[in-house]
Amino acid sequence: VIANDRSPLVGKVHWEKMVKKVSRFGIRTGTFNCSSDPRYCRRRGWLKSTLIMSVPQTSTSKGKVMLKEYSGRRVEVEHIFKWITAHAASRIKTIHSWEHLREEWNRSDQYRLKIYLFASLQQPPAFFSALSVRFTGRVEFIFVNVESWDNKSYMAEIGIHKTPSYILRTPEGMYRYGNNTGEFISLRAMDSFLRSLQPEVNDLFVLSLVLVNLMAWMDLFITQGATIKRFVVLISTLGTYNSLLIISWLPVLGFLQLPYLDSFYEYSLKLFRYSNTTTLASWVRADWMFYSSHPALFLSTYLGHGLLIDYFEKKRRRHGNADEVNANNLEWLSSLWDWYTSYLFHPIASFQHFPFDSDWDEDPDLFLERLAFPDLWLHPLIPTDYIKNLPMWRFKCFGIRSDEEVLETFPDSESDSDSENREGFGSEKEGSEDDELLRSQGWGAGSCSRASPRCRREPCGRGASCCRAAGGTEPDWSAWPPQMLHCTECVVCLENFSSGCLLMGLPCGHVFHQNCIVLWLAGGRHCCPVCRWPSYKKRQAYGQGQTAWGQGPS
């Protein structure tokens, strides 16, 4: 404490030496200048520069704290350090006789965990005293001074044959500290050992926080693709994991506050004591001590593990999704923006499978999504994904042989017609441009025979011929889906269907040439050319054999 308009009691050089010395024992230091708050210093009586040490006043966890002022005349580092260790050691129970030891050894009180130091010293070591402050209310520290003992037979009875010895006494038995790997006589080693045996809720939360974030950062290597994509996914993963961790800890904290769960808490601590006094636990603590004292080695090991995962993940996905793996930053950002704008502005969500079994008539999503964007009420942006899932099949007549097999494509189909139905919905142009566009996208290869300007007459395939109402052959209606209405003419191009021609049906039941209806729908007219029913919405199926005009097939 530096008094107002006074010089500090300890010079800057000596103060830095003392800070460096006491920090090794877990003692925190600080400087308070009274010029920043003179009223507080006057209330405390700090009228001159001095040293103040705060230590717990009681043996309970998070109890009151008392302040002790340095009253020595010499302000050297060694004298101040002795003053600190003497006050910290006064909090530890000291035993000077074997009778007192026997009484203490057989006594049971509120402390479930006791650690004894048997040594021939005047006072316990500084790190032992510092640990007693750190574990106040959790572990009881007892110093047994055997320097002036004449009879040490009782020590032999309880299994103490040499000094110094650190003995941990638990309800389950006695544990000799220092015999396993990593159990060093130091502050950090004994601190990690005691924390594993008698942890606080805060210790468990910090451990879970470290583990969760280590797993989240590994997503940076698991995610394949552009660098920006990796970091975007990483930020999303970190936020998700940490949010879930905090949300999951809130009921746990409330659960531990219940008074009738003391037995559950005791059994949990017993499980911790059993598991953390094993040889495997000592190996884990030794590794933790090693890596925590060498952070650069820990980070390099973690990075090497991540790069190894990245290599195997890239090798695994090489043949699965090469486009995504090899995408650069701009391509991934462009796809992300397309997805975002599609999700934000399209009032009708795209669907991957045509829902023949769902009730779309009572679905309020269309109305609600349009209300969210009133400026798009008259011109909705409807995705064309549903066109790929409309039923398709080939027109066939009795008595006419065709090399083409009847094809009926439903949402789950993986037949050859899917190769003709890939991402090919351009805007409507003039006749030749439409055909060229369809052929380039895989829609116009050998579909049907037409004579209109919109759909040029092309052969339907080998052995193709027309069956009309006036002819001697009849269409094979068994190849048609049950929801489709029977007809023999496409109302878009006004041409009759030819044997082997590829047809497509709409949810309302009307049937057209595939290329004709695809051009119609891709041009923005998402309704049936006959009845104006929305082409993305289901309609109740007509009766079997009923036609579009309520008559028999013409």
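**Exercise 1. Work out what secondary structure residues 288-309 hold, and how far apart the span's ends are.**

Step 1: Residues 288-309 come out as 95% helix and 0% strand. Helices here are DSSP runs of H or I with at least four residues, strands are E runs of at least two, and both are numbered from the N terminus.

Step 2: Check the ends: their C-alpha atoms sit 23 Å apart.

Step 3: Look at the record. UniProt, in an unreviewed entry, lists "transmembrane region" at 204-222, 231-256 and 288-309. Its positions follow the numbering used here, feature names are shortened, and annotations may be inferred rather than shown by experiment.

Step 4: Try residues 231-256 too: that span is 100% helix and 0% strand, with end C-alpha atoms 37 Å apart.

A word on the model: it's predicted, so local features need pLDDT of at least 70 and side-chain atom pairs count only at pLDDT 80 or more, while totals for chains, interfaces and linings use all residues. Residues are numbered from 1 along each chain as its sequence is written, and side-chain values use heavy atoms, leaving out hydrogens and water.

**Exercise 2. Lay out the open sheet and find its edges.**

Step 1: Put the five strands in order: β3-β5-β4-β6-β7, with mixed pairing. Two strands pair if DSSP finds at least two bridges between them.

Step 2: The edges are β3 (93-95) and β7 (173-177); each has a single partner strand, so one side of each lacks a neighbour in the sheet.

Step 3: From one strand to the next, the twist averages 25 degrees (axes are lines fitted to C-alpha atoms, for helices over the stretch in contact; angles run from 0 to 180 degrees between N-to-C directions).

**Exercise 3. Describe the surroundings of β6 (165-170).**

Step 1: On one pairing, β6 runs antiparallel to β7 over five bridges, and a hairpin of two residues links β6 to β7. I167 faces R176 of β7.

Step 2: β4 (114-119) also pairs with β6, antiparallel over five bridges; L168 in β6 is the bridge partner of I115.

Step 3: Five of the six residues in β6 are buried (under 20% relative accessible area; exposed is over 50%, partly exposed in between; 1.4 Å probe, protein chains only).

**Exercise 4. Place L256 and say how exposed it is.**

Step 1: L256 belongs to helix α10.

Step 2: Its relative accessible area is 33%, so L256 counts as partly exposed.
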